[in-house]
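Please look over the model shown here and follow one path through it, starting from a pair of aromatic side chains and working outwards to the surface and the chain as a whole.

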Amino acid sequence: MRLVIKRLVFFVSLFLIWELAVRLFQVPAVLLPAPTDVFRALGEMIADGTLFRDLGASFMRLLVGLAIALLIGLLLGILLAKSKTADETLGSLILALQSIPSIVWLPLAIMWFGLNEKSVIFIIVLGAAIVMTINVRTGIQNVSPIYLKAAQTMGASGPDLFFRVMLPASVPYFVTGTRLAWAFGWRALMAGELLSTGPGLGYTLKYASDFGRMDMVLGIMIVIGVIGVTVDLLLFQRFEQQVRVKWGLEPSA
C-alpha cells in the first residue's frame, strides 16, 4: 500500500509540474500540450468509442502474434538446447537477429505480406519469438546436474528424463521468457501499427500525428505505457514470483 501511495504522489506531482511549466512558459499545444488537454483528448476518444475499438484491435493482433511466437520460441529453444550442432549454427543466427530491432523488418514485411494484418503479426512474432527461444534454451541447458543424476539413478532416461525432469526444472525460465516476449511483442505491435491501415493504437497515434493532434498523440502514449506496466506488474511479475517461490528460487514472503 505504501508503494502505491509513493507512485501515486510521484505521478500526480509530475503532471502538476508539467501543467505549470506549459502554462508558465506558454508552450504551444502543437509542441507540448498540457496534461489537461491530453486527458481531454482521451475523454473524447472514450466518448466516441475510438479508444476501445483500437484497444480491441491491438490486443487481438497481439494475442495471435504472441501465441505463435511462444510456440515457435518453445520449439526452437528445445532444439537449440538438445542439439549442439543446431546451437552452434542456428543459435548464432538467432543471437544475431536479437540485435535487430523489430521495426527494421517492417519494410520487408510490407513487401512480403502487403500493408495488412499479416505484416503486423509478423513483426510481433519476430519481436517475441527470439527472446522466448533464448530463455527456453538457457533454462534447459542450466538444469542442475544434481537433478539429472538423481533422476538417472532412479532409472529415468531419454524422453522420460526430458519431459519429467528437464522441462519442469526449466519452467521459471519459460515464465521469464513469456514475460519478456509480452514486452517485446507489445513494443513490436505499436511499431507495426504505425504503418497499418487501422484500427489500432499505433495507427491512431500516427493519424493524430499527421493532423497535428499532439494532445491525442501523448494520450495514446500514456495509454500504451499504462497498459504495459499494468500487465507486467499485475500479471506477469506476480506469476513469475509465485513460480520462483514454488521452485525454491526465492524465499516465500
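Trp182 and Phe236 are both buried, and they make a convenient starting point in this model, which is predicted. Their rings have centres 6.1 Å apart and planes at 25°, and because planes under 30 degrees apart count as stacked, the pair of Trp182 and Phe236 is a stacked one. The two residues come from distant parts of the chain, since Trp182 sits in helix H9 and Phe236 in helix H11, with their positions 54 residues apart in sequence. The pair also belongs to a wider group, for Phe59, Trp182, Trp186 and Phe236 form one aromatic cluster.

The count of aromatic pairs comes to 11, and another of them is made by two neighbours in sequence. The rings of Phe162 and Phe163 have their centres 5.1 Å apart, and their planes stand at 80°, so this pair is edge-to-face. The two partners differ in their surroundings: Phe162, at 9% relative accessibility, counts as buried, whereas Phe163, at 54%, counts as exposed. The cut-offs that matter for this reading are under 20% for buried and over 50% for exposed.

From the aromatic residues the path leads to the nonpolar interior. In soluble globular proteins, nonpolar side chains tend to be buried together. In this model the largest nonpolar core has 32 residues, and the members that touch the most other members are Trp182, Trp186 and Leu201. Helices H2 (35-47), H3, H6 (117-141), H9 (171-193), H10 (201-210) and H11 (214-246) are the elements that give two or more residues to this core. Among these contributors, H11 gives the most, with nine residues. A second core, separate from this one, has nine residues, including Ala81, Val136, Val143 and Met166.

Where does Leu201 make its contacts, once its neighbours within four places in sequence are left aside? Leu201 is then in contact with Leu51, Asp54, Leu55 and Ser58, with Trp186, Met190 and Glu193, and with Ile220, Val223 and Ile224. The list therefore holds charged and polar residues, Asp54, Ser58 and Glu193 among them, as well as nonpolar ones.Helix H3 offers several further stopping points. Thr50 lies in this helix and is buried, with a relative accessible area of 15%; apart from residues within four places in sequence, Thr50 is in contact with Met45 and Thr204. Val64 also has its place in helix H3, which covers residues 50-82, but Val64 is partly exposed, with a relative accessible area of 35%. Ile68 is found in helix H3 as well, and it too is partly exposed, at 38% relative accessible area.

Val64 and Ile68 share a feature on the outside of the model, where Met60, Val64, Ile68 and Ile72 form a nonpolar patch on the surface, with about 320 Å² of accessible area together. Ile68 nevertheless has partners elsewhere in the chain, as it touches Ile121 and Val125 when residues up to four places away in sequence are not counted. Ile68 and Val125 are 57 residues apart in sequence, yet their C-alpha atoms are 6.5 Å apart in space.

Ile72, a member of that patch, is also one of the residues touched by Thr133. Thr133 has its place in helix H6 and counts as buried, at 1% relative accessibility. Not counting residues up to four places away in sequence, Thr133 touches Ile72, Gly73, Leu76, Gly77, Leu80 and Ile94.

It remains to place these details within the chain as a whole. What helices and strands does the chain have, and how many of each? The chain has 11 helices and zero strands, and the pattern read along the sequence is α-α-α-α-α-α-α-α-α-α-α. Its C-alpha atoms fill a box of roughly 75 × 50 × 30 Å, taken along the principal axes. Of the 253 residues in the chain, buried residues make up 40%, and the chain exposes about 14700 Å², of which carbon and sulfur atoms supply 71%. Among contacts between residues at least 6 apart in sequence, 68% join residues at least 24 apart, and the contact between Ile68 and Val125, at 57 residues apart, is an example of a pair separated in this way.

How values were computed: Residues are numbered from 1 along each chain as its sequence is written. This is a predicted model: local features need pLDDT of at least 70, side-chain atom pairs count only at pLDDT 80 or more; totals for chains, interfaces and linings use all residues. Side-chain values use heavy atoms; hydrogens and water are left out. Patches are made of residues with over 30% relative accessible area and no salt bridge: like charges are joined within 9 Å, nonpolar side chains (Val, Leu, Ile, Met, Phe, Trp, Tyr) within 5 Å. Accessible areas come from the Shrake-Rupley method with a 1.4 Å probe; for residues, only the protein chains shown count as cover. A salt bridge is a side-chain nitrogen of Lys or Arg within 4 Å of a carboxyl oxygen of Asp or Glu. Helices (H or I, at least four residues) and strands (E, at least two) are DSSP runs, numbered from the N terminus. Buried means under 20% relative accessible area, exposed over 50%, partly exposed in between (1.4 Å probe, protein chains only). A nonpolar core is a set of buried Ala, Val, Leu, Ile, Met, Phe, Trp, Tyr and Cys residues joined through side-chain atoms within 4.5 Å. Contact means heavy atoms within 4.5 Å. Rings of Phe, Tyr and Trp (its six-membered ring) pair if their centres lie within 6.5 Å; planes under 30 degrees apart count as stacked, over 60 as edge-to-face and the rest as tilted.
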